[in-house]
Every structure is written in structure tokens, then in C-alpha cells.
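Work through the exercises below with the model open. Try each task before reading its solution.

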Amino acid sequence: MNQIMIGKFIAERRKKVNLTQMQLAEKLGITDKAISKWERGVSMPDTSIMLELCDILCISVNELLRGEKFDMENDNQKNEQLLLEMAKELEKKNKTIWVSMWAIMTVSITALFAGIFVAAFLIPEGVWQLVAIIGICIVFLVPCFYALKLEVSVGAYKCEKCGQEIIPTYNEALVAMHLGTTRYLKCPKCNKRTWCKKVLKK
């Protein structure tokens, strides 16, 4: 999806139905600053108001996401192309998040061992050494929690028994036993707990 193209299309359609940014904003119950951001390609309309926006602008959701009007003859071809583009974009974002998660974990673990090494050998034995080691371990947990959030936000976990893809909540993933990105989860389909492997969805 091309946000700049979509933004220009929104502006063009808004003018076609003789609405100012302020008038369109009032109809949607949002601020005119949000409309301005859409039209400049800075952000996209929220999915919760997309249908209403399309009704006002007399366009379909497909046309909005495509950033252009198209005739019925090419509709199916355009839809397929749009779905492919969206799938590719989602896959790219998922991979970026996945790489970021592993980068955070790698840097965090390296920093943890380096910190413990420094505390063990450069700080004299005693209370301050213990405080330093505990502090380092606590600081290490912060990026771990964030990395888990990234892990849960992409793809799904596949049930070993029935193959059902499970998307747990953050809390469910947090308390589940795990080995790397394989977690011991309860499947909502077969109702059994198994070691579920992480799979990235396209």
C-alpha cells in the first residue's frame, strides 16, 4: 500500500463530495488534524471508521486501500493484487519484528554476562557486589519482557497434536514453560497441552 497515493486519493474524493477537512472530520467524529495526516500520507484511517469514510467519499474499501477508482471489469484483478501486496507487507513487517526480537535477546544476554563478569571481578566482594549483580539481573529482565511482547505479536504457535495455530495472550505466553520460542500451551481445538512451535504467518 502506498500511503502517499492513498492520502492524495482521500483529498481528491473529499473535494469531489464538496467537503472541507473540518466537515469530514465532524462527520467521522475525529479532528481535522487526523484528516490532514491522512491526506499528507503520514498516517492511515483507523479500521473502525474506514467503512464510514468510504460511504462518505462514495468509494469502496478496496478503492481506498488501492488509492484509486477502478471499473468493475478490473475489480477482481485489482483485489488479487491488493491482497498479495498486503500479504507481502505483513510478511515483511513480521520478519522485521522477528529479527528485532532476536537482536534484543542477543544484546541483552551479552550485556548480562558482561555485567556479571564486571561485578564479579572488578567490584570487591560484599554487599555492593551482590547489589550490582541483582541490579544487572533486574535490568536484563526489562528487554526480555519486551522481546516476548514482540514474539507474541507475530505469527502463531502450532499445536503438536492437531496442527491448530494458537495466538496466546501476552500473559499466557509469559507464564507458559518454554524452550526458546517453543511454548507449552493449551490448544483451544483439541483441548490438550503440548509443546507448540512458533511459526511465522504470511
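Exposed means a relative accessible area over 50%, buried means under 20%, and partly exposed is in between. By that cut-off, Phe-121 is exposed, because its relative accessible area is 61%. Keep in mind that this is a predicted model.

**Exercise 1. The aromatic pairs**

Task: Find how many aromatic pairs there are, and describe each.

Solution.

Step 1. Count. The total comes to two aromatic pairs.

Step 2. Take Phe-117 with Phe-121. Their ring centres are 4.7 Å apart, and the planes meet at 45°. Planes under 30 degrees apart count as stacked and over 60 as edge-to-face, so the rest are tilted. The pair of Phe-117 and Phe-121 is tilted.

Step 3. Ask why these two rings can meet. Phe-117 and Phe-121 sit four residues apart in helix α6 (residues 75–122), so about one helical turn separates them.

Step 4. Check accessibility. Phe-117 counts as exposed because its relative accessibility is 52%. Phe-121 is exposed too, at 61%.

Step 5. Turn to Tyr-184 and Trp-195. This pair is also tilted, at 5.3 Å centre to centre and 50° between the planes. It links distant parts of the chain: Tyr-184 belongs to strand β4 (residues 182–186) and Trp-195 to strand β5 (residues 193–199), 11 residues apart.

Step 6. Check accessibility again. Tyr-184 is partly exposed at 27%. Trp-195 is partly exposed at 31%.

**Exercise 2. The largest nonpolar core**

Task: State which elements build the largest nonpolar core, then follow two of its residues outward.

Solution.

Step 1. Recall the background. In soluble globular proteins, nonpolar side chains tend to be buried together.

Step 2. Size the core. The largest nonpolar core holds 18 residues. Those with the most contacts inside it are Ile-10, Leu-24, Leu-28, Trp-38, Leu-53 and Leu-64.

Step 3. Assign the elements. Two or more residues come from each of α1 (3–16), α2 (21–28), α3 (32–39), α4 (47–57) and α5 (61–66). The largest share is six residues, from α4.

Step 4. Follow Ile-10. Leaving out residues up to four places away in sequence, Ile-10 touches Trp-38, Glu-39, Pro-45, Leu-53, Leu-57 and Leu-64.

Step 5. Look beyond this core. Another core lies apart from it, with 10 residues, including Val-152, Ala-173, Ala-176 and Leu-185.

Step 6. Follow Trp-38. This residue sits in helix α3. It is buried, because its relative accessible area is 4%. With residues up to four places away left out, its contacts include Gln-3, Gly-7, Ile-10, Leu-28 and Leu-53.

Step 7. Add a distance. Trp-38 and Asn-18 are 20 residues apart along the chain, and their C-alpha atoms are separated by 17 Å.

**Exercise 3. The largest pocket**

Task: Give the volume of the largest pocket and work out its lining.

Solution.

Step 1. Note the idea. Rolling a probe the size of a water molecule over the atoms shows where empty space is left.

Step 2. Read the volume. The largest pocket contains about 270 Å³ of space.

Step 3. Name the lining. It has 14 residues, and the closest to the pocket centre are Met-105, Cys-144, Glu-151, His-178 and Arg-183.

Step 4. Place the lining. Two or more residues come from each of α6, α7 (127–153) and α8 (170–175). α7 gives the most, with five residues.

**Exercise 4. Positive phi**

Task: Where do Cys-58 and Asn-191 lie? Give the phi of each.

Solution.

Step 1. Set the expectation. Most residues other than glycine have a negative phi.

Step 2. Take Cys-58. Its phi is positive, about 60°, although it is not a glycine. Cys-58 is in the loop between α4 and α5. It counts as partly exposed, at 49%.

Step 3. Take Asn-191. Its phi is near 65°, again a positive value in a residue other than glycine. Asn-191 is in the loop between β4 and β5. It counts as exposed, at 51%.

**Exercise 5. Two local contacts**

Task: Is Ser-108 buried or exposed? Then find what lies over the face of Tyr-157.

Solution.

Step 1. Place Ser-108. It lies in helix α6. Ser-108 is buried, because its relative accessible area is 9%.

Step 2. List its contacts. Not counting residues up to four places away in sequence, Ser-108 touches Phe-140 and Pro-143.

Step 3. Turn to Tyr-157. Lys-198 lies over its face, at 4.3 Å from the ring centre.

Note on methods
Residues numbered from 1 in each chain as written. Predicted model: local features only at pLDDT ≥ 70, side-chain atom pairs only at ≥ 80, totals over all residues. Heavy atoms only, no water. Core = buried A, V, L, I, M, F, W, Y, C linked by side-chain atoms within 4.5 Å. Buried < 20%, exposed > 50% of the residue type's maximum accessible area, 1.4 Å probe, protein only. Contact = heavy atoms within 4.5 Å. Phe/Tyr/Trp six-rings, centres within 6.5 Å; stacked < 30°, edge-to-face > 60°. Lys NZ or Arg CZ within 6 Å of the ring centre and 35° of its normal. 1 Å grid on protein atoms, 1.4 Å probe; cavity = no way out; pocket = protein on both sides within 12 Å on 5 of 7 lines; lining within 4 Å. Points joined across faces, edges and corners; volume = space filled by probe spheres on them.
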